[in-house]
Amino acid sequence: MPFDSTKIRRVLWRLALPLICAYFLALVGCAAFQRKMLYFPSRAAEATLFGHARGESIEPWRDESRTLIGWQQRSGQRPLKARFLVFHGNAGYALHRVHYATNLARTIDCDIHILEYPGYGSRSGEPSQTTLLDAGEQALRLLQKESSAPVFIVGESIGSGVAAGVAARAPELVSGLILITPLSRLTDVASHHFPFLPVRLLLRDRYPAIEWLTKYHGPLAVTVAENDEVIPNRFGRDLHDNYAGRKRLWVKAGMHNTIHDSLDSKWWKEVVEFVVEKNSP
């Protein structure tokens, strides 16, 4: 039987066409719904949040227009040695991170402020790189108006990108950074999870933390999870290794959402002492 190249090409095209269509639909879906795939806010009415807050002994934090922008726990000691501003991860809402206030208060006399992102909790707006960085910078400048006490930023997961971006915008207002399960760039993480898609072309929210940190010159404490399945710890290591200032890296047992089980009082003491104390590089 003679070789029929036309027939072979026709059969191959029929086989390839569904795959091409599926790939095109995947591209369109990722481009159109990327923020739905990135941010997972929980919503709640203020009254519900206030009830939750009372149970945690934490108070509302409002801006100058009396808008609820997060939650705070204030020390009775004055003058303050430190204030901490917490940027949480991409799921839930700020009150789900009260453990930061609990652990920091046990470690050092300080004020703790946990920022609520736009579109999370009862806060209006939609989450995006721009809205999260704007909210973070506004919160930092609000703290600056209140006091001259130094501000240290804690960022977890995608909050590490927010922390790096805010530190790049106002490096003179940030005295230290504590980053937990951080990303180097969101494009790096997305490329790891979707190697078959041109995510570096598709992503609108990129969080290039490595580049942003070139504008910041204070102490940097990085903690990665040994078995992080969401942000593989090599990206946090890259962030640490590329930073030119005073820095320290901790590798703790656990996965992305279980690392907090390994963050004991010894770790908190080491991290806080590293960023707060004025050690020489």
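This passage walks through the overall make-up of a predicted model, then a helix contact, the aromatic residues and some backbone details.

To set the scene, the protein is built from ten helices and ten strands. It has 281 residues, and 50% of them count as buried. The contacts reach far along the chain: taking those between residues at least 6 apart in sequence, 75% join residues at least 24 apart.

A good place to begin a closer look is a pair of helices. Two packed helices are described by the angle between their axes and the distance between the axes. Helix α3 spans residues 98–107 and helix α10 spans residues 265–276; their axes come within 10 Å and cross at roughly 70 degrees. Angles of 65 to 115 degrees count as roughly perpendicular, so α3 is roughly perpendicular to α10. On the α3 side, the contact is made by Tyr100, Asn103, Leu104 and Thr107, and on the α10 side by Trp268, Lys269 and Val272. Sorted by class, the residues of this contact are four nonpolar, two polar and one charged.

Some of these residues return when the aromatic rings are considered. Tyr100, Trp267 and Trp268 are linked into a cluster by ring pairs. Tyr100 and Trp268 also take part in the contact between α3 and α10. Both Trp267 and Trp268 are buried.

Across the protein, the count of aromatic pairs comes to eight. A pair of aromatic rings is described by the distance of the centres and the angle of the planes. For Tyr216 and Tyr243, the ring centres are 5.9 Å apart and the planes stand at 25 degrees; planes under 30 degrees apart count as stacked, so this pair is stacked. The two partners come from distant parts of the chain, 27 residues apart. Tyr216 sits in the loop between α8 (209–212) and β9 (220–225), while Tyr243 sits in the loop between α9 (233–242) and β10 (247–252). Residues under 20% relative accessible area count as buried. Tyr216, at 2% relative accessibility, is therefore buried, and Tyr243 is buried too, with a relative accessible area of 4%. Trp267 and Trp268 offer another arrangement: this aromatic pair is edge-to-face, with 4.8 Å from centre to centre and 80 degrees between the planes.

A ring can also have a charged group over it. Here Arg246 lies over the face of Phe274, at 4.5 Å from the ring centre.

Finally, the backbone holds a few details worth finding in the model. The peptide bond from Arg78 to Pro79 is cis, with omega near 0 degrees. Pro79 is placed in the loop between β3 (68–73) and β4 (83–87). Positive phi values outside glycine appear at Ser57 and Tyr207. For Ser57, phi is near 55 degrees, and the residue lies in the loop between α2 (46–56) and β2 (59–62). Tyr207 has a phi of about 40 degrees and belongs to the loop between α7 (199–202) and α8. Are these two loop residues buried or exposed? Ser57 has 56% relative accessibility and so counts as exposed, whereas Tyr207 is buried, with a relative accessible area of 0%.

Terms used: Residues are numbered from 1 along each chain as its sequence is written. This is a predicted model: local features need pLDDT of at least 70, side-chain atom pairs count only at pLDDT 80 or more; totals for chains, interfaces and linings use all residues. Side-chain values use heavy atoms; hydrogens and water are left out. Axes are lines fitted to C-alpha atoms, for helices over the stretch in contact, and angles run from 0 to 180 degrees between N-to-C directions. Helices (H or I, at least four residues) and strands (E, at least two) are DSSP runs, numbered from the N terminus. Angles under 35 degrees count as roughly parallel, over 145 as roughly antiparallel, 65 to 115 as roughly perpendicular and the rest as oblique. Contact means heavy atoms within 4.5 Å. Ala, Val, Leu, Ile, Met, Phe, Trp, Tyr, Cys and Pro count as nonpolar, Asp, Glu, Lys and Arg as charged, and the others, Gly among them, as polar. Rings of Phe, Tyr and Trp (its six-membered ring) pair if their centres lie within 6.5 Å; planes under 30 degrees apart count as stacked, over 60 as edge-to-face and the rest as tilted. Buried means under 20% relative accessible area, exposed over 50%, partly exposed in between (1.4 Å probe, protein chains only). A charge sits over a ring if NZ of Lys or CZ of Arg is within 6 Å of the ring centre and within 35 degrees of the ring normal.
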